[in-house]
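Biologist: I'd like a close look at one part of this model, and then whatever you can tell me about the strands and surface elsewhere. Could you walk me through it?

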Amino acid sequence: MVTKPLRAELFGHMRISLDGQNLALPASKKTRGLLGYLLSSARPRSRSELCDLLWEDAEDPRGALRWSLSKLRTALGPETIVANRNTVELNTAEIEVDVAMVNSAAVDVESHSTEYLTALEAKFRGEFLNGLELSDCYGFYGWCQSERSRYGRFRGEVLEALVARNSDQPSAALEYAHRLVGMNPFEESAHIRIVELLLALGRPEDAEEQATQCRKIFQVELGIEPSQALEMACKATPPVGTKRKTFAEAPQEPNKMLVVDLPAKTGFVGREAECELVRKAFAGTGRTVALVVGTPGIGKSALLAEIGKGYGPRSLYARAIEVERSRPFGVWVDALNELEPAEIVQDTHSQLRNVLLSGLGNSDTLTEQQVYESFRQLLAELSQNGPVLIALDDLQWLEPSSCALLSYLIRQLADCPVHFCLAARSGELDDNEAVQTLVSGLGNDVQRIALAGLNANEASALAHQINSDASVSDIIDKAQGNPFYLMELLRADQSSPGETSLQEALDNRIARLSQPAVTLASWASIFGRVIPIDTVVLASGMDLSSALGVIEELESREIIGELGSGSIEFAHDLVKDAAYQRISNTRRRLMHGRVAELLAKNMTSNPDQAARVLHHSAMSNHHILAARAAVIAGQSALKSFANSEAWDLGRKGLLHAEKMNSSSEQISLTMSLLGVLVLSASGISNSKTPKLIADIRSLISKAGQHAMAEEIAQGEYLLSVLFQDVGDFESAGLATTRAAVAARRMDAQKKVRQLANSARCLLELGRDIPKATDLSQNANLLAQQEGISDIEVYWSRGLLARWEGKLDLAGTDILKALELARDSEDRWRESKCLTWAAMIALEQDLPDPAIRFATELGTLATKIGEGSMGPLSRAIIALSCGDDDELADAIDALQAADAKSHLAYVLNRAAERHQKAGDDARSIEFARKAYGFAKDVGNQNEKAFAQITAFMLGDETANPITMAELDELSSSSKLMARVRQIAVMAKNHLRQKVDGKGP
């Protein structure tokens with residue numbers, strides 16, 4: 001048999017070795033996931049398939065794939081990757097892969113010899129691609145879980161065969177039977193087989209202990225009792241000739257091993273050069289940002305803690321958490337929770353916490369636009385007492401909203417003594433596009449520090465802090481300067497000398513705990529790094545007194561540490577990972593499901609919890625709960641200006657909703673999730689709009705089959721939003737009319753909103769105004785009768801008043817709608833009301849309010865996505881200030897955003913302003929352009945306004961206007977008062993011209 005130079009092991013942690021030496025694989029999890037996928041099947045994969053699998057939402061999926069392939073070529077050798085423009089595959093002639101042996105044997109287990117099956121079973125070092133499930137990449141995650149289930153079933157067949165073939169050697173059979181239970185602790189027959197084997201070996205006490213463990217697992221995690229078969233097995237008589245083994249004769253389980261004294265906690269060692277680099281970065285002028293990157297365990301967190309000592313209470317520290325990457329502003333909420341507010345304005349601190357916590361219900365005195373500015377103010381005030389440090393750890397898991405706020409603070413606090421020290425895992429930064437954009441945007445304004453291992457003297461000093469008597473030279477060589485690895489190997493050396501890897505050291509460290517401590521550590525690892533004590537105890541099924549003793553054991557063994565507010569955390573992510581990876585795939589799913597159900601109990605009142613519920617529901621395939629959590633988390637993200645997270649949450653929720661059984665709940669949840677997607681992307685040019693329209697139309701049809709009036713109305717409303725965004729005003733008007741029809745079958749509150757919403761949409765579109773008037777008046781009357789105060793009612797009233805030329809009343813109603821939108825944290829409606837408030841003020845010739853509303857609109861636009869809102873706000877400000885240069889730039893930006901309706905409006909206002917200033921040539925130029933854009937989108941009001949304006953200045957932009965046409969325009973119910981008024985002015989102008997009294 002020819003030995004291949006490269007050997008790949010995909011069971012357990014992925015390992016690739018060359019001639020027996022492990023190769024350093026890329027740090028990016030997606031890149032390693034790509035490698036695992038290519039290794040799992042020796043055939044070409046299309047580039048589009050790989051992009052969909054791992055980079056579905058990336059800005060440049062093919063670019064990301066090329067980057068990962070380049071990293072793999074560097075790690076494995078250039079000849080290993082075989083790729084062309086369409087496909088990618090591995091040169092398997094050069095690689096021996098463990099799954100290939102498993103796959104070839106999977107056809108018929110019984111046909112293989114016992115020796116072959118023994119060698120085959122040894123291939124299963126752990127779960128397939130352990131630690132690389134990539135739960136945020138749903139295509140890859142689904143494939144990985146499917147493969148794990150398939151390999152798990154096959155391994156179970158192999159183990160059952162080995163148990164049967166070793167029936168005459170109970171000790172050997174017992175080892176395989178234990179592995180079977182470890183794979184699936186909910187298989188009662190496997191527990192019974194262990195009981196039978198233990199009795200055959202003369203170990204009845206151990207048999208009873210195994211039965212007790214089985215009962216507890218079934219009770220706590222399944223909520224049922226084992227069958228009578230277990231009790232009957234326990235009562236079976238041991239075979240003749242067997243005897244009980246004494247304690248001294250019986251092999252000891254890992255959890256019964258003697259406890260070894262732990263080393264004392266160590267002080268900070270070395271890193272003088274790195275600390276000096278940070279000090280230099282913070283001593284300069286301009287942006288003061290330091291980015292520390294390195295591998296896990298290399299000492300990034302310790303360095304941040306050491307740097308933070310010099311700042312005392314003026315240090316904000318928080319760590320991004322992998323399982324909370326959809327939690328808007330999560331890292332900032334955590335930082336505020338930990339900040340001692342004694343030196344700062346108490347109210348500012350409290351208000352910020354309320355605003356950043358999801359729900360935002362206590363933000364009465366702090367408007368949404370002030371969040372970024374208030375955070376800046378908080379840090380600026382704190383810096384008056386000395387330099388402030390913002391220390392953010394695990395930046396590779398930072399979500400987009402936190403990235404945006406971090407970018408804002410770095411830019412706005414450049415002149416304040418506020419220092420930013422950031423830490424991230426090297427390589428894994430490349431998997432986070434938002435962080436990549438942030439770091440690349442900083443350019444040369446960031447001091448980058450690549451944290452290498454400790455040098456030999458520093459490693460020796462650290463080792464002797466831990467154990468001054470030990471001979472540590474070999475261990476220092478193995479650790480290669482990694483402080484965490486060094487400490488774990490030293491710890492292991494005191495109890496299990498000879499361990500050669502960090503993973504072995506951590507696995508054995510967990511194994512040496514008592515069984516209750518292993519159980520609680522397993523449950524804690526399901527939560528992530530930070531764990532609420534009460535919830536993990538409840539999930540584990542332990543009584544409180546027992547759990548407290550177990551927590552003390554875990555703390556004394558430095559597995560966990562205590563945090564404030566009733567929480568604990570793992571000593572390191574690598575310790576958490578070691579505990580998590582000991583859990584079988586089957587048991588993980590059930591445990592995640594249990595945690596999801598516990599956390600879901602208060603997610604409605606505490607939406608901040610919903611993102612966590614979504615994660616655990618996804619990991620347990622609890623699709624209904626996952627979809628519900630995604631709706632709550634997505635709607636909360638919209639309120640928190642976190643549109644990127646809202647889009648991601650909505651997309652994740654839809655993947656789960658699709659897997660639900662067809663029902664009215666599925667339709668309702670799917671419509672709500674589509675609503676999150678539509679509102680998170682509204683106003684932004686989006687290539688996915690056609691698919692959204694098709695999906696909503698299909699769902700409306702299903703809702704119609706179930707007579708679900710509310711969902712039909714909601715769907716038609718969403719269609720009207722999408723059609724308006726793409727400039728299809730006719731379709732938007734039709735959707736609005738259908739929504740009004742569906743609203744008639746809804747309850748009062750929902751009916752009020754939908755009637756008013758339909759009226760508002762028709763008024764915005766300038767279509768079927770008599771019907772819009774009736775709808776608005778009916779909504780207003782019903783709202784008064786039912787005591788309902790709704791945004792849409794005031795919004796539609798304001799637009800109707802504007803249509804009729806009652807601008808003062810219009811402004812009052814729009815401001816009331818804006819107030820209600822802010823109170824309910826409805827960011828989309830808030831942005832629309834701000835737009836109308838600014839436009840109405842502009843039409844009233846009130847520059848100061850127009851500038852104020854437009855400024856607020858621009859600020860909001862930067863937080864929820866630019867679209868056309870930002871350029872429109874700039875245009876309104878420029879018109880109010882008379883700034884022609886800024887107006888020209890704003891018009892260019894509106895054109896880039898393809899916002900033709902807004903362009904027609906802005907250009908007509910510019911034409912009007914220049915006409916009043918006597919600059920007829922510029923006025924005609926703007927009117928001509930306005931006419932073209934209005935004609936393109938079918939906006940009859942702006943089209944007529946532009947045509948009449950140009951006509952009065954002697955330019956016939958379209959066909960010549962006759963007196964009869966002006967008569968019709970001045971009295972048309974299809975045109976708003978502002979257009980009718982200018983038509984009257986044009987009639988008078990034409991009469992004067994005919995009478996020879998005009999120019």
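Is aspartate 883 buried, partly exposed or exposed?

Modeller: Bear in mind that this is a predicted model. Aspartate 883 comes out as partly exposed, because its relative accessible area is 33%, and the buried class stops at under 20% while exposed begins at over 50%. You'll find aspartate 883 in the loop that links helix H40 (869-881) to helix H41 (884-896). Aspartate 883 has company there: together with Asp885, Asp889 and Asp892, Asp883 makes up a patch of negative charge on the surface.

There's a nonpolar patch on the surface too, made of Leu222, Ile224 and Leu590, and together these have about 220 Å² of accessible area. Pick isoleucine 224 out of that trio and you're again in a loop, this one between helix H9 (204-222) and helix H10 (228-234). Isoleucine 224 counts as partly exposed because its relative accessibility is 43%.

For the covered side of things, go to strand E8 (residues 289-294), where six of the six residues are buried. Val289, Leu291 and Val293 point one way from E8, while Ala290, Val292 and Gly294 point the other way, and all are buried. E8 pairs in the parallel sense with strand E11 (residues 418-425) over six bridges, and with strand E12 (residues 446-450), also parallel, over five bridges. Leucine 291 is a handy marker here: its bridge partner in E11 is leucine 422, and in E12 it is arginine 448.

Now back towards the start of the chain numbering, where the strands sit in open sheets. One has four strands in the order E3-E2-E1-E7, with mixed pairing. Its edges are strand E3 (21-22) and strand E7 (95-97), each of which pairs on one side only. Strand E1 (residues 6-9) runs parallel to E7, with three bridges between them, and arginine 7 has glutamate 96 of E7 as its bridge partner.

Another open sheet has three strands, ordered E4-E6-E5, and here the pairing is antiparallel. Strand E4 (45-46) and strand E5 (81-83) are the edge strands, each pairing on one side only. E4 is joined to strand E6 (residues 87-90) by two bridges, and the two run antiparallel. If you want a spot to zoom in on, try serine 46, which stands opposite threonine 87 in E6.

Notes. Residues are numbered from 1 along each chain as its sequence is written. This is a predicted model: local features need pLDDT of at least 70, side-chain atom pairs count only at pLDDT 80 or more; totals for chains, interfaces and linings use all residues. Side-chain values use heavy atoms; hydrogens and water are left out. Two strands pair if DSSP finds at least two bridges between them. Patches are made of residues with over 30% relative accessible area and no salt bridge: like charges are joined within 9 Å, nonpolar side chains (Val, Leu, Ile, Met, Phe, Trp, Tyr) within 5 Å. Accessible areas come from the Shrake-Rupley method with a 1.4 Å probe; for residues, only the protein chains shown count as cover. A salt bridge is a side-chain nitrogen of Lys or Arg within 4 Å of a carboxyl oxygen of Asp or Glu. Lys and Arg count as positive and Asp and Glu as negative; His and the chain ends are not counted. The place of a charge is taken as NZ of Lys, CZ of Arg, CG of Asp or CD of Glu. Buried means under 20% relative accessible area, exposed over 50%, partly exposed in between (1.4 Å probe, protein chains only).
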